[in-house]
Amino acid sequence: MNGKEVEVTFDIDLAAVSQVYEALTQPVPARGRDLAGVHLKPPRTVLHFYIGGIDEIRSRRLRVRRRRDRLIISLESKHVLREDRLSIEKEERTEIPNMPLADAAVLLARGTKVTSSFIKNQHRMILESEFGLLKASLDQMLPFRADRPAVLMSPFWHLEFEEINSWPLAHFLQSVLFRENFADLRPLQESKWRTAALGSPAPLKAMSSRRLREYFDELLARGADESDWPGPR
């Protein structure tokens with residue numbers, strides 16, 4: 001993850017989650033002439049820990065997910081370059097793409113303060129049109145206190161569209177698909193980490209690599225247990 005990212009994010013009411021999901025994945029003829037296909041990706045659970053002194057312009061996070069029986073840990077940073085009512089452009093950089101568990105334990109043991117932390121259950125898809133590709137993600141967010149993970153806030157949902165190919169986000173926002181299904185949604189009013197913050201920043205207690213793995217495993221398992229499938233049942 002290095003380079004510019006252009007995206008737009010919306011708040012989704014719980015009652016509208018299934019409707020939004022269906023609008024993204026319904027049979028092709030009903031989607032409008034500007035969408036040729038949808039490619040579903042496997043759902044996944046990811047942990048986000050926003051750390052250090054961050055603000056609305058710059059942020060730094062530790063991201064944790066599972067690949068088979070391995071934990072994939074990365075240290076990342078984002079810098080907002082431009083934003084308007086709908087879209088935001090950021091410069092992203094992966095500082096450490098595959099951080100060893102022992103190094104993550106050292107980072108957190110140095111008194112690094114966790115400003116915000118949450119579990120993200122992602123339902124991902126790639127939208128294809130004659131203009132190129134666009135990434136969509138319908139995300140269930142589960143904020144928790146990093147130093148007291150038993151404290152869990154009620155989940156909330158976001159819908160995110162992100163440029164990944166030659167289909168410009170500005171063009172997508174004028175498409176039939178967007179105008180007929182998503183134009184009335186509420187644009188995100190503040191950064192995700194700020195919405196998910198539960199109290200003031202706090203450091204984690206020093207943990208061994210083994211205990212930190214158990215901590216991450218427990219949170220990922222909780223995310224999987226709390227995952228609410230948005231599609232038809």
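Let's start on the outside, with Arg210: its relative accessibility is 67%, so this residue counts as exposed. Keep in mind as we go that what you are looking at is a predicted model. Arg210 has a partner there, since its side chain meets that of Glu214 in a salt bridge, at 3.8 Å from N to O. Both residues sit in helix H6, which runs over residues 209-226, and because they are 4 residues apart, about one helical turn separates them. Glu214 is a bit of an in-between case: with a relative accessible area of 34%, this residue is partly exposed.

While we're at this end of H6, have a look at Ser209. Its C-alpha atom is separated by 8.5 Å from that of Asp103, although the two residues are 106 apart along the chain. Asp103 belongs to helix H2, residues 101-109, and with a relative accessibility of 42% it counts as partly exposed.

Salt bridges turn up elsewhere too, and a search of the whole structure comes to 19 of them. Take Glu92 and Lys78, whose closest N and O atoms are 3.1 Å apart. This pair ties together distant parts of the chain, with Glu92 in strand E6 (residues 87-96) and Lys78 in strand E5 (residues 70-83), 14 residues apart. Buried or exposed, where does Glu92 fall? Glu92 is buried, its relative accessible area being just 4%. Lys78 is buried as well, at 13%, so here the cut-off of 20% puts both ends of the bridge on the buried side. Nor does this pair stand alone: Glu5, Glu7, Lys78, Lys90 and Glu92 are linked in a network of salt bridges.

Follow that network and you come to the largest pocket. Glu5, Glu7, Lys78 and Lys90 turn up again here, together with Glu160, as the residues of the lining that lie nearest the pocket's centre. The lining has 49 residues in total, and the pocket's volume is about 1100 Å³. What does the lining look like by class? It has 24 charged residues, alongside 15 nonpolar and 10 polar ones.

Next, look for the space that is closed off. The structure holds 1 cavity of 30 Å³ or more, and the largest cavity has about 70 Å³ of space. Its lining consists of 14 residues, with Val114, Thr115, Arg145, Ala146 and Leu198 nearest the centre. By class, that lining has 7 nonpolar, 5 polar and 2 charged residues. Strand E7, spanning residues 113-129, gives the most to it, with 4 residues. Arg145 deserves a second glance, as it also forms a salt bridge with Asp147, the closest N and O atoms lying 2.8 Å apart. The two partners differ in their surroundings: Arg145 counts as buried at 12% relative accessibility, whereas Asp147, at 32%, counts as partly exposed.

Strand E7 brings us to the nonpolar packing. The largest nonpolar core has 27 residues, and the members that touch the most others are Ile12, Leu127, Leu159, Phe161, Phe172 and Phe182. Strands E1 (3-12), E7, E8 (132-143) and E9 (156-163) each supply at least two residues of this core, and so do helices H1 (17-25), H3 (169-172) and H4 (176-181). Which element gives the most? That would be H1, with 5 residues. Apart from this core lies another one, of 25 residues, including Phe49, Leu62, Ile119 and Phe144.

Phe161 is a good place to stand if you want to see how the larger of these sets is put together. Leaving aside neighbours within four places in sequence, Phe161 is in contact with Leu127, Phe172 and Phe182, among others. Its contacts also include Val6, Val8, Phe10, Leu24, Leu134, Ala136 and Leu169. Two charged residues are among them as well, namely Glu7 and Lys135. Glu7 is one you have already met, in the salt-bridge network and close to the centre of the largest pocket.

One last stop is the backbone at Arg68. Its phi is near 55 degrees, a positive value in a residue other than glycine. Arg68 is found in the loop between strand E4 (58-67) and E5, and at 73% relative accessibility it counts as exposed.

How values were computed. Residues are numbered from 1 along each chain as its sequence is written. This is a predicted model: local features need pLDDT of at least 70, side-chain atom pairs count only at pLDDT 80 or more; totals for chains, interfaces and linings use all residues. Side-chain values use heavy atoms; hydrogens and water are left out. A salt bridge is a side-chain nitrogen of Lys or Arg within 4 Å of a carboxyl oxygen of Asp or Glu. Buried means under 20% relative accessible area, exposed over 50%, partly exposed in between (1.4 Å probe, protein chains only). On a 1 Å grid over the protein atoms alone, a cavity is a set of points where a 1.4 Å probe fits but cannot get out, and a pocket is an open set with protein on both sides within 12 Å along at least five of seven lines; lining residues have an atom within 4 Å of a point. Grid points are joined across faces, edges and corners, and a volume is the space filled by probe spheres set on the points. A nonpolar core is a set of buried Ala, Val, Leu, Ile, Met, Phe, Trp, Tyr and Cys residues joined through side-chain atoms within 4.5 Å. Contact means heavy atoms within 4.5 Å.
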